[in-house]
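Biologist: Could you walk me through how to read the features of a model like this one? I would like the general idea each time, and then the case in front of us.

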Amino acid sequence: MEAYTGFAEVYDMFMDNVPYEEWADYLCGILREYGIRDGLVLELGCGTGSLTTLLAEKGYDMTGVDASPEMLEIAMDKKRAAGYDILYLLQDMREFELYGTVRAVVSVCDSVNYVTEPDELEQVFRLVNNYLDPFGIFVLDFNTEYKYRELLGDQTIAEDREESSFIWDNYYDEEERINEYELTLFIREEDGRYGKYQETHFQRAYTLEEIQALLEKAGMEFVTAYDAYTKEPPHERSERISVVAREKGKSHLEAEVVLS
């Protein structure tokens, strides 16, 4: 079953605990550290556009890429309400295409964990490197194996709201390092009855060493990593890790070829 179809309708409701404004401030701080205060920025796996909109508000010329038309439909509604000129593209991050290069790429909320094959994640990183300006910056986060094994694996999470409810069953395969999410949603319809929707999601646990190796195989320079959304180093109980990488080896001439 495709992910983020029925869930897209209530995604923002159930994600209201995500500190998007703090994340936007953090990402903006990282970008400014590397001299990126404005210009073109891409968000991979932008979902309903909450972070994309906040970064546009901070002065960046935003593009958002996501594979879910239902999520992007909500993102477009937010774009119209906010009045920002954000470009949204319905694309799979494993084969995304842009019209030219960008100054930075960001990917948050464990979007890269959805790429469950390492060679496909390497391809994502190659595309990022290709579409970055020379020495452009890539900031991503990912869920750790500790989080899947100790906090999510074989756990059931349920929440009941007035308009909708969900049951979220997790199954973590330690050998394959795949976490399977079985999501059952009950969404209140216009006639007052509740419709039932089911989705299955899969995420892969990557180590920081694997992410670094894949970035470097893709031609990028690994710069640093933090315990997510802090400036502290990652540790064995980090649930999420933020990584900063940089475009490496592209000359200005090669950048012009990409643009053409």
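**Reading the model, feature by feature**

Modeller: Gladly, and let us start with cover: helix α3 (residues 50-57) is mostly covered, with 7 of its 8 residues buried. Keep in mind that this is a predicted model.

Biologist: Which residues of α3 are buried?

Modeller: They are S50, L51, T52, T53, L54, L55 and A56. Just after α3 comes G59, whose phi is positive, at about 105 degrees.

Biologist: Which residues other than glycine have a positive phi?

Modeller: Two cases to look at are R177 and Y229. Phi of R177 is near 60 degrees, and R177 sits in the loop between β7 and β8. Phi of Y229 is also near 60 degrees, and the place of Y229 is the loop between β10 and β11.

Biologist: Is Y229 buried or exposed?

Modeller: Y229 counts as buried because its relative accessibility is 18%, and buried means under 20%. R177 counts as buried too, because its value is 14%.

Biologist: Now to charges. How should I read a salt bridge?

Modeller: The general idea is that side chains of opposite charge can pair when their charged atoms come close. In this structure, a search of the whole model finds 14 salt bridges.

Biologist: Which residue does E33 meet in a salt bridge?

Modeller: The side chain of E33 meets that of K231, at 2.3 Å from N to O. This pair links distant parts of the chain: E33 is in helix α2 (residues 20-33), while K231 is in the loop between β10 (221-227) and β11 (240-246), and the two are 198 residues apart.

Biologist: And how accessible are E33 and K231?

Modeller: E33 has a relative accessibility of 43%, so E33 counts as partly exposed. K231 has 44%, so K231 is partly exposed as well.

Biologist: You mentioned R177 already. Where does the partner of R177, E210, lie?

Modeller: First the pair: the side chains of E210 and R177 meet in a salt bridge of 2.5 Å, N to O. E210 lies in helix α7 (residues 208-217) and R177 in the loop between β7 (164-173) and β8 (178-188), so the salt bridge ties together parts that are 33 residues apart in sequence. E210 is partly exposed, with a relative accessible area of 25%, whereas R177 is buried, with 14%.

Biologist: What about a salt bridge inside one helix?

Modeller: The general idea first: an α-helix has 3.6 residues a turn, so residues three or four places apart point the same way. Here R126 forms a salt bridge with E122, and their closest N and O atoms are 2.8 Å apart. Both residues lie in helix α5 (residues 118-131), 4 residues apart, which is about one turn of the helix. R126 is partly exposed, at 37% relative accessible area, but E122 is buried, at 12%.

Biologist: Which residues are linked in a network of salt bridges?

Modeller: D92, R94 and E120 are linked in such a network.

Biologist: Which residues gather in a patch of negative charge on the surface?

Modeller: The patch is made up of D154, D173, E174, E175 and E176. Take D154, found in the loop between α6 (145-152) and β6 (156-160). D154 counts as exposed because its relative accessible area is 59%, and exposed means over 50%.

Biologist: How many disulfides does a search of the whole structure find?

Modeller: As a general idea, a disulfide is a covalent bond between the sulfur atoms of two cysteines. In this case the search finds 0. Two cysteines you can inspect are C28, buried with a relative accessible area of 3%, and C46, which counts as buried at 6%.

Biologist: One last feature: how far apart are A75 and Y88?

Modeller: That depends on whether you count along the sequence or through space. A75 and Y88 are 13 residues apart in sequence, and their C-alpha atoms are 8.1 Å apart in space. A75 is found in helix α4 (residues 69-82), and A75 counts as buried because its relative accessibility is 0%.

How values were computed:
Residues numbered from 1 in each chain as written. Predicted model: local features only at pLDDT ≥ 70, side-chain atom pairs only at ≥ 80, totals over all residues. Heavy atoms only, no water. Patch = residues over 30% accessible without salt bridge, like charges linked within 9 Å, V, L, I, M, F, W, Y side chains within 5 Å. Areas by Shrake-Rupley, 256 points an atom, 1.4 Å probe, with all protein chains shown as cover. Salt bridge = Lys/Arg side-chain N within 4 Å of Asp/Glu carboxyl O. Lys, Arg positive; Asp, Glu negative; His and termini not counted. Charge placed at Lys NZ, Arg CZ, Asp CG, Glu CD. Buried < 20%, exposed > 50% of the residue type's maximum accessible area, 1.4 Å probe, protein only. Disulfide = S-S within 2.5 Å.
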